[in-house]
Amino acid sequence: MTDPAMNAPRIEIPTRAPSVTSADDTVLPFEVAALDLRGRVVRLGPAVDAILTQHAYPAPVAKLLGEAVVLTVMLGSALKIDGRFILQTQTDGPVRMLVVDFTAPDKVRACARFDKDRVAAAIEAGKADAGALLGKGHLAMTIDQGQDMNRYQGLVALDGGSLEDAAHEYFHRSEQIPTRVRLAVAEELRAGEGGAKHRWRAGGILLQFLPKAAERARVADLDPGDAPQGTAPHAVQEDDAWVEGRALVSTVEDVELIDPVVSSEQLVYRLFHEPGVRVFRGSEVRAQCSCSRDNVEAMLRSFSQDDRDHMVENGKISVTCEFCSANYIFAPGEVEAKG
Ligand SMILES: [Zn+2]
């Protein structure tokens with residue numbers, strides 16, 4: 001996004017000792033001033049569990065959608081906007097579409113569209129990683145600040161890679177900000193009454209190199225592209241600070257991103273205690289849909305009478321929200337177009 005606010009934490013507060021208590025459904029911004037690094041840690045418990053459990057998608061689809069939720073919260077929570085940040089994939093793989101919708105300041109909802117048979121075949125073949133499920137297409141990130149404002153959209157190709165790959169590609173090509181993203185989602189099994197209970201957990205970390213002198217932010221090209229053979233590759237010397245930051249973040253294990261006993265502050269302290277790290281006031285996230293009977297009614301009124309007639313079944317119009325499965329039922333006469 002071109003909005004510089006995206007890279008700035010909301011409110012600065014003085015340094016404090018790292019909290020040992022882990023807080024789920026939170027975003028923690030941090031800064032490593034000595035290396036010109038900024039970042040955020042996202043940790044999701046009940047919010048991601050509510051979304052994924054309610055949909056009851058096949059596990060690899062749920063995991064993929066969980067990663068998209070973490071990425072969306074990571075990016076959306078950094079925008080100082082009123083409105084929505086929407087991440088959407090459209091691809092040719094077994095999972096045709098992922099939609100995650102973050103409404104400022106703290107609401108997130110998500111859903112996926114997929115081909116059941118192709119997903120089952122991918123699981124059967126042991127090829128149900130993110131890249132295989134998504135296939136090829138694109139990922140779009142949209143900022144929607146309401147009717148009278150311009151929508152801003154950023155697009156990046158998905159080419160058989162993961163959502164992390166797509167995020168790196170986006171920040172490299174569109175923003176020219178050296179960026180590393182780590183996303184992790186897992187199902188936790190706990191003994192409980194009536195047998196083991198499943199619980200989804202998710203987490204992630206974003207690290208960006210934001211030096212005051214722009215030329216320090218140059219990074220080597222991700223791939224040589226379609227340059228003719230024999231063309232000398234760009235000899236870009238990456239900045240030492242970024243090389244160090246990137247190396248540190250690559251040591252993060254998935255389990256550290258989701259472990260309920262490692263707090264976000266402990267995680268950034270473990271990574272960056274040597275150069276020194278400062279954390280900022282975090283924010284919270286919750287799973288909540290923004291659909292309402294009024295919105296659905298307005299949508300139905302905007303359809304033609306003919307379209308509405310086709311929606312009548314057993315004397316009523318029934319609309320189910322794809323995000324939260326809420327069901328809205330109208331009598332045909334209730335939603336006649338006004339005027
Ligand atoms: Zn809903």
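A residue is called buried when its relative accessible area is under 20%, exposed when that area is over 50%, and partly exposed in between. Keep these limits in mind during the tour, which moves through a predicted model.

**Stop 1: Asp106 and its partner**

Begin by selecting Asp106, which has a relative accessible area of 18% and is therefore buried, since that value is under 20%. Then add Arg286 to the selection, and you will find that the two side chains meet in a salt bridge, with 3.2 Å from N to O. This pair links distant parts of the chain, as Arg286 belongs to strand 12 (residues 286-287) while Asp106 sits in the loop between strand 4 (95-103) and strand 5 (107-114), and the two are 180 residues apart. Arg286, at 39% relative accessibility, counts as partly exposed.

While the loop between strand 4 and strand 5 is in view, select Pro105, which is also found there, and look at the peptide bond that runs to Pro105 from Ala104, which is cis, with omega near 0°.

**Stop 2: from strand 5 to a later loop**

Next select Arg113 together with Glu322, whose side chains meet in a salt bridge at 2.8 Å, again given from N to O. Here too the pair links distant parts of the chain: Arg113 is in strand 5, Glu322 is in the loop between strand 14 (316-320) and strand 15 (327-330), and their positions lie 209 residues apart in the numbering. Glu322 is partly exposed, with a relative accessible area of 36%, and Arg113 counts as partly exposed at 36% relative accessibility.

**Stop 3: helix 5, strand 8 and the loop between**

Move now to Glu164 in helix 5 (residues 163-175) and Arg182 in strand 8 (residues 179-190), a pair 18 residues apart that links distant parts of the chain. Their side chains meet in a salt bridge of 3.7 Å, N to O, and both Glu164 and Arg182 are buried. In the loop that joins helix 5 to strand 8, select Gln176, where phi is near 50°, a positive value in a residue other than glycine. Is Gln176 buried or exposed? At 55% relative accessibility, Gln176 counts as exposed.

**Stop 4: a network of charges**

The structure holds 18 salt bridges, and some of them are joined to one another: select Arg84, Asp101, Arg109 and Asp144 at once to see a network of salt bridges that links these four residues. Side chains of opposite charge can pair when their charged atoms come close.

**Stop 5: strands 6 and 7**

Select Thr142 in strand 6 (residues 136-144), which is buried, with a relative accessible area of 6%. Which side chain does the side chain of Thr142 contact? It makes a polar contact with the side chain of Gln153, at 2.9 Å. Then turn to Val156 in strand 7 (residues 152-159), a residue that is buried as well, with a relative accessible area of 7%. If you draw a distance from the C-alpha atom of Val156 to that of Met141, 15 residues away along the chain, the separation is 8.6 Å.

**Stop 6: both ends of helix 3**

To follow helix 3 (residues 116-124), select Asp115, which caps the N-terminal end of the helix, with a side-chain oxygen 3.0 Å from the backbone nitrogen of Asp117. At the other side, helix 3 is followed by Gly126, whose phi is positive, near 70°.

**Stop 7: Asp25**

Go back along the chain to Asp25, in the segment before strand 1 (26-32). Phi of Asp25 is near 60°, which is a positive value in a residue other than glycine, and Asp25 is buried, with a relative accessible area of 11%.

**Stop 8: a patch of negative charge**

Finish on the surface by selecting Asp306, Asp307, Asp309 and Glu336, which gather in a patch of negative charge. Asp306 has its place in helix 10 (residues 305-311) and is partly exposed, with a relative accessible area of 48%.

Key. Residues numbered from 1 in each chain as written. Predicted model: local features only at pLDDT ≥ 70, side-chain atom pairs only at ≥ 80, totals over all residues. Heavy atoms only, no water. Patch = residues over 30% accessible without salt bridge, like charges linked within 9 Å, V, L, I, M, F, W, Y side chains within 5 Å. Areas by Shrake-Rupley, 256 points an atom, 1.4 Å probe, with all protein chains shown as cover. Lys, Arg positive; Asp, Glu negative; His and termini not counted. Charge placed at Lys NZ, Arg CZ, Asp CG, Glu CD. Helix = DSSP H or I, 4+ residues; strand = E, 2+ residues; numbered from the N terminus. Buried < 20%, exposed > 50% of the residue type's maximum accessible area, 1.4 Å probe, protein only. Polar contact = N/O pair within 3.5 Å; in protein donor to acceptor, adjacent residues only side chain to side chain.
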